[in-house]
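Colleague: Hi! I've just opened this one and could use a quick tour. Can you pull it up?

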Amino acid sequence: MSVFLSSLGFGLISAAVLAIATVGFTLQFAVTNVLNLAYGSVMINSAFVTYYLNVHAHLNAWVAMVGGIATGAVASYLLNRFVFTPFQRRNLLPITIVIVALGVDLCGTFGLQAIVGGSYFSYRQSLGRELHFWGMYFSTLQLTIIGICLVVMGLIHWLLKHTRLGKAMRATSANPSLARNSGVRTGHVISMTWLISGALCGLAGTVFAMNTGVFEATSAQLYIVLMLAAMFLGGPGEAYGAMLGALTIGVATELSAGFFNPQYKEVIAFVVLLAMLTFRPYGLFGSEKTI
Amino acid sequence: MSAILFYLATLIVYGAVDSMACLALNVQFGFAGLSNFGFIIFQAGGAYVAAILSMGNWHKSNGGFQQYVLGWHLVWPLPWIGAALFGGLLAIPFTLLVGKRLRGDFAAVGLLVSAVLLNQLVNNFVPLFNGAAGISIVPAPFQGKWDPQGLGYQFAYGGVAVVLCVLVYFLLRRVTESPYGRSLRAMRDNDVVADALGKNVQVQRTSMLILGGMIAGLSGAILVGFINLWSPGAWGYAETIVLFAAIIVGGAGNHKGAVLGALLVPLGFEEATRFIPPLSNPALVPALEWVAIGLLIILFLWFRPDGILPERRRILSGSKSVPVTTPPGVESDSLINLGNLDQMDFRQLLRIEGDTNDHGTILSCTNLTRAFHGVTVVSDVSIEVQRGRLTGLIGPNGAGKSTTLAMLAGTLAPTSGTIHYEGRDITSMPSNERAKSGMVRTFQLASEFKKLTVLENLVSAIPRQSGDSLPGALRGRRFWGREDGENIERAKEMLEGFGLSQYADNYAGGLSGGQRRLVEIMRALLAEPKVLLLDEPMAGVHPNLAHKIGDQLMALVKSGMTILMVEHELSIMDAFCDPVIVLAEGRVLAQGTMSELRAMKEVVEAYLVG
């Protein structure tokens with residue numbers, strides 16, 4: 001029982017980080033139809049900016065975090081403006097954009113590595129007081145991450161359901177040409193989407209690095225697999241599906257680590273992703289049309 | 001001096017291995033349109049299998065310091081053959097991913113993720129291939145008889161590798177420069193349309209995944225026999241991206257391009273960076289190497305998307321004509337002048353059989369219904385199509401005309417209802433089989449195979465080509481060449497009839513809207529349909545031309561063909577179609593001749609006026 005509860009606790013923290021990342025990723029896909037495999041590299045670059053601001057420039061952690069978020073937003077916006085949109089205008093196959101994204105990912109990740117080197121970095125601050133509830137142990141940092149996640153999910157819900165921009169994003173996602181003909185400025189909506197999802201990406205990178213504590217330039221390279229698993233579980237392009245998918249994948253990976261072998265912790269995410277792609281590529285609750 | 005010679009031998013082996021891998025991946029990606037982002041799995045699998053087949057049992061060899069499965073101690077060339085077979089076998093589970101109608105980028109992601117997963121599993125599960133440490137001291141072929149460290153041996157090894165690479169080159173060329181290769185490229189350009197013309201895209205993709213897997217496996221075997229070790233570090237998922245970069249740089253869809261890319265990218269990069277002196281930051285050079293690969297991909301896709309050696313345009317017409325370009329500002333559709341269609345003998349050219357006076361039901365559907373997540377688009381549609389007639393299907397936008405046609409052709413599965421064709425229930429028959437049995441459709445949106453020439457578009461549709469299968473293609477031009485020549489002549493005759501001969505060797509993607517419509521109609525006709533399903537064939541066609549096409553459709557019907565045509569243009573319906581079926585809001589509203597329909601109040605209200 002205690003293994004279960006402590007794994008569940010870990011799972012909730014992983015899920016919190018994953019949810020922030022996946023919601024941003026899936027929003028990009030929904031609105032712009034780009035499967036942005038360079039997402040992980042933007043995450044880790046943002047994480048390094050936060051780290052630099054906090055540890056070397058001695059800024060307050062929250063201020064540094066804002067720096068990371070801004071990095072993610074600006075980098076994603078520029079990527080779209082100068083790479084993805086020009087390629088998309090050429091009416092290429094979706095696969096070409098994916099290959100371009102992989103190229104961007106290599107540049108982003110290894111460009112960072114060329115600058116910071118191949119060694120590991122760690123936050124030296126304390127994790128804060130340890131708290132425990134019902135057999136689950138959390139540090140103050142971990143509780144903060146869960147809190148951030150809940151606030152962000154609330155904001156996304158508010159954005160999508162109660163703002164003009166959110167409605168325009170949903171309309172663009174459902175049918176871009178119809179949205180344009182109905183007076184939605186899709187170009188503006190797409191730019192805003194990259195800014196917002198980029199901010200989520202930057203935040204995700206920052207909390208990802210803070211949560212693991214020790215990280216390097218290539219740490220987020222495989223994180224995209226967890227995000228893909230969460231996204232396909234909830235249905236590609238579905239923000240709420242991504243939240244649910246992230247919760248499932250986050251908890252499932254930590255539970256499997258607790259009960260089986262931590263070395264194979266991610267295997268469950270891989271298996272879920274492959275099964276979803278093979279049998280239900282539109283998600284557990286999605287409809288065929290989204291594909 | 002001898003150090004340079006040893007280095008040269010190593011270069012030759014690496015060059016041959018990389019070239020083989022790129023050739024195989026290029027056939028999958030450049031010809032068949034399969035984005036195999038997990039390609040490295042197959043090379044790695046071949047390397048491991050070749051290693052453990054040539055090594056002895058792990059308990060007994062070298063004091064058991066490494067563990068692995070099998071260990072059969074086989075003599076060359078058995079480990080290499082085993083590696084190739086294993087590469088092919090390994091492809092089979094992945095056909096689940098690529099065989100279905102999954103978005104190309106989703107399937108690619110699935111393969112990429114599989115590569116990451118398998119690498120992690122092999123890395124962590126030691127009993128299989130000795131985990132992260134990998135397998136070492138893999139015996140070189142004939143190592144008891146010759147000294148693998150000798151210069152002669154190394155050059156001989158390089159020679160064998162090059163010979164195998166050349167064999168692979170010619171084997172793959174044989175496959176791609178055949179009618180089968182044409183079908184592969186058609187599938188690459190538009191898989192739904194290829195399927196509707198009778199190509200079994202699932203089998204084609206599976207075959208290419210297996211063939212590529214076998215070659216990749218062999219290339220892995222050659223590599224491991226030379227470097228004598230193999231570990232998960234050697235086959236990270238990103239190695240596949242390097243191979244993709246090679247093909248993009250060299251030229252996708254061109255075998256020579258694949259070889260050039262292999263020599264420039266994996267080999268060139270690896271070797272060039274060897275000569276950079278060590279720096280204070282040891283991660284810098286490898287990191288910059290990856291950045292360079294990434295930049296190479298992006299810059300080439302932007303500035304030279306077809307690579308250094310672009311795909312070759314296949315001239316089938318036999319003439320040495322340059323492609324026709326329409327001068328700017330000229331409405332090229334107005335230049336179309338249907339040629340000598342009146343003299344064409346459709347019955348002979350299109351192999352139409354049967355009695356022209358038989359007007360029995362050939363195709364029918366009963367209570368056909370289709371819903372898209374809750375919204376019913378077609379409900380309870382029952383229609384009958386009579387042999388030797390031109391039946392029209394009209395209705396306002398969103399009436400369900402195209403959906404009905406798609407269900408009849410098998411492009412869309414009905415939610416409920418049945419379809420009968422020539423007395424058989426074909427409701428669950430895949431569309432490519434329907435096409436083979438004589439039901440051929442066209443598409444509302446442009447559906448030409450863009451990077452096939454006009455003539456290739458036409459020839460690709462001709463059924464029962466003996467060179468249009470992997471075994472047929474492998475038997476070579478002597479087996480299918482004569483027949484293909486006859487097919488090309490038939491297609492040229494058709495092209496002449498429609499007055500487009502001068503465009504024979506143009507890429508179909510570069511034609512005007514009206515010309516592409518004609519190509520599509522000609523292509524559908526050459527598929528030898530008994531029933532031709534046309535989805536708005538006149539959309540975007542000059543009205544004069546539309547009526548000329550209509551005349552030809554009438555001629556076809558008189559020679560015994562059956563046509564069902566979705567069309568908006570009422571003047572076309574008036575002139576040519578009998579009977580006409582009216583759909584509105586997913587239901588059959590009425591049926592009859594146009595003059596009968598004009599007399600019906602509800603039809604006029606639903607459609608003719610509104």
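Colleague: Let me start with a detail: which residues of H18(B) are buried?

Modeller: Happy to help, and keep in mind that this is a predicted model. The buried residues of H18(B) are Trp480(B), Asp484(B), Asn487(B), Ala491(B), Met494(B), Leu495(B) and Gly497(B).

Colleague: And how far apart are the end C-alpha atoms of H18(B)?

Modeller: They are 28 Å apart. Helix H18 of chain B covers residues 477-497, and its 21 residues should span 30 Å at 1.5 Å a residue, so the two values agree.

Colleague: What follows H18(B)?

Modeller: Gly499(B) does, and its phi is positive, near 70 degrees.

Colleague: Let's zoom out. How many helices and strands does chain B have?

Modeller: Chain B has 23 helices and ten strands. Its C-alpha trace spans about 95 × 50 × 50 Å along the principal axes. Of the 610 residues in chain B, 50% are buried.

Colleague: What about contacts in chain B between residues at least 6 apart in sequence: what percentage join residues at least 24 apart?

Modeller: That would be 77% of them.

Colleague: Which domains is chain B divided into?

Modeller: There is domain 1 (2-236) and domain 2 (332-348 + 359-608). Taken over C-alpha atoms, the centres of these domains of chain B are separated by 43 Å.

Colleague: How many residues of each are in contact?

Modeller: In chain B, 21 residues of domain 1 are in contact with 31 residues of domain 2. On the domain 1 side, H6, H7 and helix H8 (191-196) of chain B each supply at least two residues. H7(B) gives the most to that side, with eight residues. By type, the domain 1 side has eight nonpolar, seven polar and six charged residues.

Colleague: H6(B) came up there. How many residues does H6(B) have, and how far does it reach?

Modeller: H6(B) has 26 residues and reaches 37 Å from its first C-alpha to its last, close to the 38 Å expected at 1.5 Å a residue.

Colleague: What angle do H6 and H9 of chain B pack at?

Modeller: About 175 degrees, with the axes of H6 (residues 151-176) and H9 (residues 201-227) of chain B 11 Å apart. That angle makes H6(B) roughly antiparallel to H9(B).

Colleague: Which residues meet there?

Modeller: From H6(B) come Tyr157(B), Ala161(B), Leu164(B) and Val168(B), and they meet Ile215(B), Leu218(B), Ile222(B) and Phe226(B) in H9(B). The residues of this contact are eight nonpolar, no polar and no charged.

Colleague: Which residues in H6(B) are buried, and what covers them?

Modeller: The buried ones are Gln154(B), Tyr157(B), Gly158(B), Ala161(B), Cys165(B), Val168(B), Leu172(B), Val175(B) and Thr176(B). What covers the buried residues of H6(B) includes helix H1 (2-31), helix H7 (179-189), H9, helix H11 (255-274) and helix H17 (470-474) of chain B.

Colleague: Last topic: how many residues of chain B are in contact with chain A?

Modeller: 34 residues of chain B are in contact with 35 residues of chain A. The elements giving two or more residues to the chain B side are helix H3 (78-99), helix H4 (104-124), helix H10 (238-250) and helix H12 (284-303) of chain B. H4(B) gives the largest share, twelve residues. The chain B side divides into 23 nonpolar, nine polar and two charged residues.

Colleague: Lovely, thanks!

Terms used:
Residues are numbered from 1 along each chain as its sequence is written. Chains are lettered from A and ligands numbered from 1 in the order in which they are written. This is a predicted model: local features need pLDDT of at least 70, side-chain atom pairs count only at pLDDT 80 or more; totals for chains, interfaces and linings use all residues. Axes are lines fitted to C-alpha atoms, for helices over the stretch in contact, and angles run from 0 to 180 degrees between N-to-C directions. Helices (H or I, at least four residues) and strands (E, at least two) are DSSP runs, numbered from the N terminus. Angles under 35 degrees count as roughly parallel, over 145 as roughly antiparallel, 65 to 115 as roughly perpendicular and the rest as oblique. Two residues are in contact if their C-beta atoms, placed from the backbone, lie within 7 Å. Ala, Val, Leu, Ile, Met, Phe, Trp, Tyr, Cys and Pro count as nonpolar, Asp, Glu, Lys and Arg as charged, and the others, Gly among them, as polar. The expected span of a helix is 1.5 Å times one less than its number of residues. A residue is buried if 20 or more other C-beta atoms lie within 10 Å of its own, exposed if 12 or fewer, and partly exposed in between; C-beta atoms are placed from the backbone. Domain bounds come from an automatic or database domain assignment.
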